[in-house]
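Hi,

Here is the structure I said I'd pass along. Have a look at it first, and then my notes are below.

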Amino acid sequence: MDNQINQYDAYVIAGDTEEDKLFLETMKSNLESSAFNLRLYIKSRDGPGDFDHQKESEIIMNSCKKIIVVLSRDFSQNEQCMYLLRVAISKSPGFHLRHIIPIHREECLAPSCIRFLTANDYTKEDIRTWFWPRVAACFKKNVIGIRTAKKNLPAVVCLPDIIVDSFSSEKQQEWRNN
């Protein structure tokens with residue numbers, strides 16, 4: 001690598017099976033198209049050749065905004081994939097920044113460290129027409145962030161504004177009927 005640091009929208013962590021390579025070609029042709037115009041770092045295409053832990057970690061930490069994790073049955077057995085996933089997790093401890101975007105390429109169980117994240121499911125053929133726009137939407141900036149949402153709260157909140165009048169006979173009857 002030269003001294004210039006390239007910036008990418010996402011680092012793609014995927015296995016090295018033939019099916020994974022075919023999926024990466026599909027992902028590349030969709031997400032890097034003019035419709036979404038994302039720049040992906042794919043290790044087999046953009047990497048230096050041999051796997052270098054230090055270089056790959058630096059790229060994840062310094063050059064990529066998000067990390068796409070392509071999950072398959074053999075993902076957890078691939079030591080390189082699990083190492084890169086741990087580096088990606090360390091970029092955002094507690095997952096506050098939502099850097100990791102899991103994609104299920106096939107029916108499988110996600111590694112326990114990211115199992116609670118909502119994954120994009122490529123296995124469902126009926127949603128494939130809007131699958132790639134949904135993945136690309138993960139890269140849009142939030143219009144209302146956590147800090148701006150706190151600013152919109154009123155300075156004083158009165159208790160009657162919060163509590164619903166639950167003592168009225170109409171409300172009690174409505175609750176019983178439901």
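I'll start with a detail: leaving aside residues up to four places away in sequence, asparagine 78 touches Gly15 and Asp16. Bear in mind that this is a predicted model. Asparagine 78 sits in the loop between β3 and α4 (79-91). Is asparagine 78 buried or exposed? With a relative accessible area of 16%, asparagine 78 comes out as buried, because the cut-off for that is under 20%. A polar atom of its side chain also lies 3.1 Å from the backbone nitrogen of glutamine 80.

On confidence, the average pLDDT for the protein is 83, and 75% of the residues score at least 70. The stretch to be wary of is residues 143-148, where pLDDT drops below 50. Beyond near neighbours in sequence, that stretch has two contacts in the model.

Now the sheet. It's an open one with five strands, paired in parallel, in the order β2-β1-β3-β4-β5. The edges are β2 (40-42) and β5 (120-121), each of which pairs on one side only.

I spent most of my time on β3 (residues 64-71), where seven of the eight residues are buried. Here is how β3 connects to its neighbours:

- β1 (residues 8-13) runs parallel to β3, and five bridges join the two. Tyrosine 8 has cysteine 64 in β3 as its bridge partner, and valine 12 has isoleucine 68.
- β4 (residues 100-104) also pairs with β3 in the parallel sense, over five bridges. Here isoleucine 67 stands opposite isoleucine 100 in β4.

Two helices are worth rotating into view as well. Helix α1 (residues 18-31) lies across β1, β2, β3 and β4, and runs at about 140 degrees to β3. Helix α3 (residues 53-62) lies across β1, β2 and β3, at about 120 degrees to β3.

One last residue to click on is lysine 65, also in β3. Which residues does lysine 65 touch, not counting those up to four places away in sequence? They are Tyr8, Asp9, Lys91 and His99. Lysine 65 and histidine 99 are 34 residues apart along the chain, yet their C-alpha atoms are separated by 6.9 Å.

That's what I have so far. Shout if anything looks off on your screen.

Cheers

Terms used. Residues numbered from 1 in each chain as written. Predicted model: local features only at pLDDT ≥ 70, side-chain atom pairs only at ≥ 80, totals over all residues. Heavy atoms only, no water. pLDDT = per-residue confidence, 0-100. Contact = heavy atoms within 4.5 Å. Buried < 20%, exposed > 50% of the residue type's maximum accessible area, 1.4 Å probe, protein only. Helix = DSSP H or I, 4+ residues; strand = E, 2+ residues; numbered from the N terminus. Pairing = 2+ DSSP bridges. Polar contact = N/O pair within 3.5 Å; in protein donor to acceptor, adjacent residues only side chain to side chain. Axes fitted to C-alpha atoms, helices over the stretch in contact; angles between N-to-C directions.
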